[in-house]
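Reader: I would like to learn how to read the empty spaces inside a protein model. Could you walk me through it?

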Amino acid sequence: MALKITEECINCDVCEPVCPNEAIYMGVEIYEIDPDQCTECIGHFDEPQCVEICPVECIPKDPEHQETEEQLLAKYQRLITEL
Ligand code: SF4
Ligand code: SF4
């Protein structure tokens with residue numbers, strides 16, 4: 001499942017540089033996550049790096065982007081071959 005950033009985001013800027021997939025970007029008002037590039041950090045780290053570092057805990061899983069671990073791994077494989 002991709003993650004999403006809620007409106008509690010305070011635009012502190014710390015999550016964007018820690019994402020291994022460059023999935024986090026500044027949106028119109030707050031930071032956003034591109035679900036096509038978020039793998040929950042699978043393939044890179046044991047824990048989602050953005051969740052670990054976010055000071056206000058505003059990055060839950062996005063129920064609108066349900067994915068299995070296999071699908072996330074396949075996304076990871078696709079992303080590393082595109083780099
Ligand atoms: Fe990036 Fe990982 Fe956060 Fe997804 S969970 S947005 S891949 S840091
Ligand atoms: Fe927003 Fe959390 Fe990212 Fe900071 S770390 S910009 S509060 S989502």
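Author: We will look at cavities, ligands and then one loop residue. This is a predicted model, in which local features need pLDDT of at least 70, side-chain atom pairs count only at pLDDT 80 or more, and totals for chains, interfaces and linings use all residues. Residues are numbered from 1 along each chain as its sequence is written, chains are lettered from A and ligands numbered from 1 in the order in which they are written, and side-chain values use heavy atoms, with hydrogens and water left out.

Reader: How many cavities of 30 Å³ or more are there?

Author: Rolling a probe the size of a water molecule over the atoms shows where empty space is left. A cavity is a set of points, on a 1 Å grid over the protein atoms alone, where a 1.4 Å probe fits but cannot get out. Here the count is two cavities of 30 Å³ or more. The largest has a volume of about 80 Å³, and the second largest holds about 70 Å³; such a volume is the space filled by probe spheres set on the points, which are joined across faces, edges and corners.

Reader: Which residues lie nearest the centre of the largest cavity?

Author: They are Cys 19, Ile 24, Cys 38, Cys 41 and Cys 50, out of 15 lining residues; lining means having an atom within 4 Å of a point. That lining divides into ten nonpolar, four polar and one charged. Here Ala, Val, Leu, Ile, Met, Phe, Trp, Tyr, Cys and Pro count as nonpolar, Asp, Glu, Lys and Arg as charged, and the others, Gly among them, as polar.

Reader: Which ligand takes up the space of the largest cavity?

Author: Ligand 1 does; a molecule sits in a cavity if more than half of its atoms lie within 2 Å of its grid points. Among the residues surrounding ligand 1 are Leu 3, Asn 21 and Glu 40, where near means a heavy atom within 4 Å.

Reader: And what takes the space of the second largest cavity?

Author: Ligand 2 takes that space. Of the 14 residues around ligand 2, the closest are Cys 9, Ile 10, Cys 12, Cys 15 and Cys 54. The cavity's lining has eleven nonpolar, no polar and one charged residues.

Reader: Is Gln 66 buried or exposed?

Author: Gln 66 is exposed, because its relative accessible area is 55% and exposed means over 50% (1.4 Å probe, protein chains only). Leu 3 is 63 residues away from Gln 66 in sequence, yet their C-alpha atoms are 9.7 Å apart.

Note on methods
On a 1 Å grid over the protein atoms alone, a cavity is a set of points where a 1.4 Å probe fits but cannot get out, and a pocket is an open set with protein on both sides within 12 Å along at least five of seven lines; lining residues have an atom within 4 Å of a point. Buried means under 20% relative accessible area, exposed over 50%, partly exposed in between (1.4 Å probe, protein chains only).
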